[in-house]
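Subject: Structure for you to look at

Hello,

Here is the structure I said I would pass on. Please open it and keep it beside this email while you read my notes.

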Amino acid sequence: MTSVAATRRSRITPEREAELYDAVLQLLREVGYDALTMDAVAAGTHSSKATLYRQWGSKPELVARALKHGRPGAARGVADTGSLRGDLRDAIVHAFDDCRIEQDAALMRGVGRAAHDNPELLRALRELLIEPSIADLRVMLDRAVRRGEIRSDNPALDLVPHMLVGALISRELIDGHAATQDFLATYLDAVVLPALRA
């Protein structure tokens, strides 16, 4: 993040910023990324379009920051429950209820499709959402290595993000149902943790 971008965003209060992000997420759920316009965001948040561009610079950055704001645990950091199983359950299973998991999975599928055709959105998502999420996951995995729960040379360590994204996407494709807390808990215990301990 550049100092110019930081200066741009520092002009509104954290409370107002949170309101704007919540409104952007709601609009994304209603109309999707492609139909989302800065005009609609401005109208829905009682802001001017010029203010939005001054604060965030572009629609992709605003959307990526809104998604980051809505990420589970974004404000509290990486929990340390004392075990990898507990850490993963806290971060993935217990972060949201089933309804929120379904809403966010649908939202991310739509934004992910849009990112395939929009390099600026893909860059913003990687920088603001994906890389920080992988870094948080890496903190959990490194702690588990230090505790002796998993070996540092296990090739599955680098595949955990892929396994987790796969769980969220594949459930609906294969079973016709959204991922739930129970499904994610079972997936962690039956797939992710055994792969890491192999």
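Thr45 lies in helix 3. The model is a predicted one, and every value below was computed from it. Is Thr45 buried or exposed? With a relative accessible area of 4%, Thr45 is buried, because buried means under 20%. Not counting residues up to four places away in sequence, Thr45 touches Arg16, Leu20 and Ala23. You can also check the distance from Thr45 to Glu19: they are 26 residues apart along the chain, and their C-alpha atoms are separated by 7.7 Å.

Next along the chain is His46, in the loop between helix 3 (38–45) and helix 4 (49–56). His46 counts as exposed, at 75% relative accessibility. The backbone of His46 deserves a look: phi is positive, about 55°, although His46 is not a glycine.

Thr51 is found in helix 4. The relative accessible area of Thr51 is 22%, which makes Thr51 partly exposed. Between Thr51 and Arg11 there are 9.9 Å in space, C-alpha to C-alpha, and 40 residues in sequence.

What does the UniProt record say about this stretch? An unreviewed UniProt entry carries the annotation "DNA-binding region" for residues 37–56. In the model, residues 37–56 are 80% helix and 0% strand. The C-alpha atoms at the two ends of that stretch are 14 Å apart.

Domains

The domain assignment splits the chain into domain 1 (3–70) and domain 2 (78–196). Taken over C-alpha atoms, the centres of domain 1 and domain 2 are separated by 25 Å. How many residues of domain 1 are in contact with domain 2? There are 14 residues of domain 1 in contact with 15 residues of domain 2.

The largest pocket

The volume of the largest pocket is about 1,500 Å³. Its lining is made up of 45 residues, and Met108, Leu129, Ser133, Val165 and Leu168 lie nearest its centre. Which elements give two or more residues to the lining of the largest pocket? They are helix 2 (14–35), helix 6 (84–93), helix 7 (98–116), helix 8 (119–146) and helix 9 (160–175). Sorted by class, the lining of the largest pocket has 28 nonpolar, 10 charged and 7 polar residues.

Where does the largest pocket lie with respect to the two domains? It lies between domain 1 (3–70) and domain 2 (78–196), because both of them give residues to its lining.

Three residues of domain 2

I also looked at Asp80, Ile92 and Arg171, and you may want to find each of them in the viewer.

Asp80 has its place in the loop between helix 5 (59–69) and helix 6. Asp80 is partly exposed, at a relative accessible area of 49%. The cut-off matters here: exposed means over 50%, so 49% leaves Asp80 in the partly exposed class. Leaving aside neighbours within four places in sequence, Asp80 is in contact with Asp87, Arg143 and Arg147. Asp80 and Ser170 are 90 residues apart in sequence, and from C-alpha to C-alpha they are 28 Å apart in space.

Ile92 is found in helix 6. Ile92 counts as partly exposed, with 23% relative accessibility. If residues up to four places away in sequence are not counted, Ile92 touches Leu164, Leu184 and Leu188. Ile92 and Gln181 are 89 residues apart in sequence, while their C-alpha atoms are 8.4 Å apart in space.

Arg171 is in helix 9. Is Arg171 buried or exposed? Its relative accessible area is 16%, and since buried means under 20%, Arg171 is buried. What does Arg171 contact, leaving aside its neighbours within four places in sequence? Arg171 is in contact with Gly176, His177, Ala178, Ala179, Thr180 and Phe183.

A suggested order for going through the model: begin with Thr45 in helix 3, go on to His46 in the loop between helix 3 and helix 4, and then turn to the largest pocket, which lies between domain 1 and domain 2.

Regards

How values were computed
Residues are numbered from 1 along each chain as its sequence is written. This is a predicted model: local features need pLDDT of at least 70, side-chain atom pairs count only at pLDDT 80 or more; totals for chains, interfaces and linings use all residues. Side-chain values use heavy atoms; hydrogens and water are left out. UniProt positions are given in the numbering used here, feature names are shortened, and annotations may be inferred rather than shown by experiment. Helices (H or I, at least four residues) and strands (E, at least two) are DSSP runs, numbered from the N terminus. On a 1 Å grid over the protein atoms alone, a cavity is a set of points where a 1.4 Å probe fits but cannot get out, and a pocket is an open set with protein on both sides within 12 Å along at least five of seven lines; lining residues have an atom within 4 Å of a point. Grid points are joined across faces, edges and corners, and a volume is the space filled by probe spheres set on the points. Ala, Val, Leu, Ile, Met, Phe, Trp, Tyr, Cys and Pro count as nonpolar, Asp, Glu, Lys and Arg as charged, and the others, Gly among them, as polar. Domain bounds come from an automatic or database domain assignment. Buried means under 20% relative accessible area, exposed over 50%, partly exposed in between (1.4 Å probe, protein chains only). Contact means heavy atoms within 4.5 Å.
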